[in-house]
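Dear colleague,

I am passing on a structure that I would like you to look through at your own pace. Please open it first, and then read the notes that follow it.

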Amino acid sequence: MENRIKELRERKNLSQGKLAELCNVSRQTINAIENNKYDPSLPLAFKISETLGFSIEEIFKYKERGK
């Protein structure tokens, strides 16, 4: 899955640490998601979406690995 979290987070002037705090996860989790090393759980994806104020479809795009 690809995402636009970094772009949208920066647009809202949020650090990785602040977004992590608002979503009740570690900064490392946000970093791993932004770098496509970890796909968030559905509840976390919804929390990120709610926190950033964008729809899930605006933030996440499904892409098969290796393509």
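To begin with one residue, does Asn36 count as buried, exposed or partly exposed? At 32% relative accessibility Asn36 counts as partly exposed, because a residue is called buried under 20% and exposed over 50%, with partly exposed in between. Please keep in mind throughout that this is a predicted model.

The chain as a whole

The chain has five helices and two strands, and read from the N terminus on, these elements follow the order β-α-α-α-α-α-β. Along the principal axes, the C-alpha atoms fill a box of roughly 30 × 20 × 20 Å. A compact globule of 67 residues would have a radius of gyration near 11 Å, and the chain, with 11 Å, agrees with this. Of the 67 residues, 33% are buried, and the accessible surface of the chain comes to about 4400 Å², with 48% of it belonging to carbon and sulfur atoms. If you take the contacts in the chain with a separation of 6 or more, residues 24 or more positions apart account for 58% of them.

The UniProt record, in an unreviewed entry, lists residues 5–59 as "domain: HTH cro/C1-type". Over residues 5–59 the chain is 69% helix and 0% strand, and the end C-alpha atoms of this stretch are 6 Å apart.

The nonpolar core

In soluble globular proteins, nonpolar side chains tend to be buried together. In this chain the largest nonpolar core has 15 residues, and those with the most contacts inside it are Ile5, Leu19, Ile33, Ile48, Leu52, Ile59 and Phe60. The elements that give two or more residues to this core are H1, H2, H3 and H4, and the largest share, four residues, comes from H4.

Two of these core residues are worth following in the viewer. Ile33, leaving aside residues up to four places away in sequence, touches Asn3, Ile5, Tyr38, Pro40, Leu44, Ile48 and Phe60. Phe60 lies in strand E2 and counts as buried, because its relative accessibility is 9%. With the same sequence neighbours left out, Phe60 touches Met1, Glu2, Asn3, Ile5, Ile33, Pro40 and Ala45. Although Phe60 and Asn3 are 57 residues apart along the chain, their C-alpha atoms are separated by 4.4 Å.

Helices H4 and H2

Which residues of helix H4, which spans residues 42–52, are buried? They are Leu44, Ala45, Ile48, Ser49 and Leu52, and since they cover an arc of only 140° around the axis, they are on the same side of H4. On the other side of H4, Leu42, Pro43 and Glu50 are exposed. This kind of pattern is easier to read if you remember that an α-helix has 3.6 residues a turn, so residues three or four places apart point the same way. The cover over the buried residues of H4 includes helix H1 (5–11), helix H2 (16–23), helix H3 (27–34), helix H5 (56–59) and strand E2 (60–61).

Helix H2 can be read in a similar manner. Its buried residues are Gln16, Leu19, Ala20 and Cys23, and because they fall within an arc of 100° when seen down the axis of H2, they line one face of the helix. These buried residues of H2 pack against H1, H3 and H4.

Positive phi angles in and around the loops

Finally, please look at three residues with a positive phi. Just after H4, Gly53 takes a positive phi of about 80°. Just after H2, Asn24 takes a positive phi of about 60°, and Asn24 has this positive value although it is a residue other than glycine. Asn24 is found in the loop between H2 and H3 and, at 69% relative accessibility, counts as exposed. Asn36, the residue with which these notes began, lies in the loop between H3 and H4 and has a positive phi of about 55° although it is not a glycine.

With best wishes

Conventions:
Residues numbered from 1 in each chain as written. Predicted model: local features only at pLDDT ≥ 70, side-chain atom pairs only at ≥ 80, totals over all residues. Heavy atoms only, no water. Buried < 20%, exposed > 50% of the residue type's maximum accessible area, 1.4 Å probe, protein only. Arc of directions from axis to C-beta. Contact = heavy atoms within 4.5 Å. UniProt positions renumbered as here; feature names shortened; annotations may be inferred. Rg over C-alpha atoms; globule rule 2.2 N^0.38 Å. Areas by Shrake-Rupley, 256 points an atom, 1.4 Å probe, with all protein chains shown as cover. Core = buried A, V, L, I, M, F, W, Y, C linked by side-chain atoms within 4.5 Å.
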